[in-house]
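Hi,

Here is the structure I promised to pass on. Have a look at it first, and my notes follow underneath.

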Amino acid sequence: MSTIYDPLPLEVQDNLAKLKADLDDKIPSKELDKNLLIASWNIRAFGNLTREWMSKESDSPRRDLHSIFCIAEILRRFDVIAVQEVKSNLRALRDTLKLLGDNWSMILTDTNKGSSGNEERMAYLFDTRRLNLSGLAGELVIPNEWVNNPDKVLKEQFVRSPYAVSFRAGKKTFILVTVHIKYGKSAKGRQDEIHGIAKWLSAWATDVNAYDQNLIVLGDFNIEARGDFLDKTFLSEGLFVPEELQLKARSIFDESKYYDQIAWFNGEDGKHPKLSMEVKSAGNYDFVGVALENRNLTKQQLSYMLSDHYPLWVNFET
C-alpha cells in the first residue's frame, strides 16, 4: 500500500505541474491584506480512499492518491472552502488536510443519519494564515413553530442540516452557511428546503441582535436551471448571486445545470444590510482535461475520482 509520503511517480509529477500552471492562470492569487478567496465545492462521495497512486477499474473506491494530490492543489488556492458530501469515512479528507499542511485546519459536522441524509457531513477547510474561526458554529435546526407554518414554508427539518460558522479575516467578520439541499424524487420536492433556507437567512440578516450580519450562503442547492422556479424561490427573499457566477457551469456533465451557488444580501431591496465586502472577481474552476488528464478517464470515472461538480469561488476585496 502506498501513502502520500512516498515519492511521487513521474506521471503524477507531470500532471500536477500542468494542474498548477492551469490554476495559476485561472485562479486569482492570494494577496496579503487585500483579498479573500471563498469557495464552495461538492466533492462527490468524499469518503474512503484507495491508497495506491493509480487505482484500477476493480478498486473501490476509485479515488486514489493521484486524485487526492489534485484535490489538495485545487483547494489550496482558496482561503476557505465549504465542502459538501464529506462522508462518515474521513480517510480522503484527512490525507487531503495533511497534504495542505500545518497552516490548514478544518471544522465539520457529524454525519446526517437516515437514508435521505446519506451519511454526509458539512465541512470547512481554511488557511489559518489568512483567516480564523471567530466563535460561532452551529447547525440550523427548524423551531417547532416553523413546522407547518405557511409563513415559514417548511413542513419538516432539513434533511441535511445547514452549517453556519463565523470567520475573521483582518478586520472583517463574516458567517458562512453551507447547504446541501435534498435531491429527492422531483425538482418540486426541493422547493420547501430552498425557500426555508432563504427565509431563515432573511430573518437572521435583519435581526439586530444577530451574531453578525455579514452572511454568505454557499453550497449545493440542486437548482436545475438559471431562472427556473427553484432559482426564483432561492432569490425570493432578497439573496443575490454575482453576475460573474451566473453563467458559469456547475456540473461537469451538463453545463445547463445550476446546482451550486454562492450568494448574499446586497442591500438593494432596502430590507437587508449590504455585505461589507466588495467582489473583485468570481468564477468556477474547470478541471476536466487538466487534472488526471494522463489517465484516459471517462467523465463518469473522473467524477468519482475528483467530482461531478466544479468548485465555485468569489474573490472579495478586503
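**Aromatic pairs**

I'll start with the rings: the count in this predicted model comes to 10 aromatic pairs. One of them joins Tyr124 and Tyr163, with 5.8 Å centre to centre and 35° between the planes, which makes the pair tilted. Tyr124 sits in strand 4 and Tyr163 in strand 6, so this pair ties together parts of the chain that are 39 residues apart in sequence. Both rings belong to buried residues: Tyr124 has a relative accessible area of 0%, and Tyr163 has 6%.

Another pair links these two strands. The ring centres of Phe126 and Phe167 are 5.4 Å apart and the planes stand at 70°, so this one is edge-to-face. Again there is a strand 4 residue, Phe126, and a strand 6 residue, Phe167, so parts 41 residues apart in sequence are tied together. Phe126 and Phe167 are both buried. Put these four together with Phe174 and you have one aromatic cluster: Tyr124, Phe126, Tyr163, Phe167 and Phe174.

**The sheet with strand 6**

Strand 6 is also part of an open sheet of 6 strands, in the order 5-6-7-8-10-9 and with mixed pairing. The edges are strand 5 (132–139) and strand 9 (239–240); each has a single partner strand, so one side of each has no neighbour in the sheet. Helix 4 (residues 191–205) packs on this sheet and touches strands 5, 6, 7, 8, 9 and 10, with its direction at about 165° to that of strand 7 (172–180). Within the sheet, strand 8 (residues 215–220) and strand 10 (residues 260–265) are antiparallel, paired over 5 bridges. If you want a place to check the register, Val217 has Ala263 of strand 10 as its bridge partner.

**Around strand 2**

How many of the residues of strand 2 (residues 80–87) are buried? The answer is 8 of the 8, so the strand is largely enclosed by the rest of the structure. Strand 2 runs parallel to strand 1, joined to it by 6 bridges, and Ala39 is partnered there with Ile81 of strand 2. The connection goes from strand 1 through helix 2 to strand 2, a right-handed β-α-β crossover. Strand 2 also has 6 bridges to strand 4 (residues 120–127), this time antiparallel, with Lys87 bridged to Glu120 of strand 4.

Helix 3 (residues 91–100) has 7 of its 10 residues buried, so the rest of the structure largely encloses this helix as well. The buried ones are Ala92, Leu93, Asp95, Thr96, Leu97, Leu99 and Leu100. Their cover includes strand 1, helix 2, strand 2, strand 3 (104–108) and strand 4. Right after helix 3 comes Gly101, with a positive phi near 105°.

**Two polar residues to look at**

Glu73 lies in helix 2 and counts as buried, at 9% relative accessibility. Its side chain makes a polar contact of 3.2 Å with the side chain of Arg77. Not counting residues up to four places away in sequence, Glu73 touches Leu19, Lys20 and Leu23.

Thr50 is in the loop between strand 1 (35–46) and helix 2 (65–75). Thr50 is buried too, with a relative accessible area of 11%. Leaving aside neighbours within four places in sequence, its contacts are Ser55, Asp59, Ser60, Pro61, Arg63, Asp64 and Leu65.

Cheers

Technical notes:
Residues numbered from 1 in each chain as written. Predicted model: local features only at pLDDT ≥ 70, side-chain atom pairs only at ≥ 80, totals over all residues. Heavy atoms only, no water. Pairing = 2+ DSSP bridges. Helix = DSSP H or I, 4+ residues; strand = E, 2+ residues; numbered from the N terminus. Contact = heavy atoms within 4.5 Å. Axes fitted to C-alpha atoms, helices over the stretch in contact; angles between N-to-C directions. Buried < 20%, exposed > 50% of the residue type's maximum accessible area, 1.4 Å probe, protein only. Polar contact = N/O pair within 3.5 Å; in protein donor to acceptor, adjacent residues only side chain to side chain. Right-handed = clockwise from strand over helix to strand, strands pointing away. Phe/Tyr/Trp six-rings, centres within 6.5 Å; stacked < 30°, edge-to-face > 60°.
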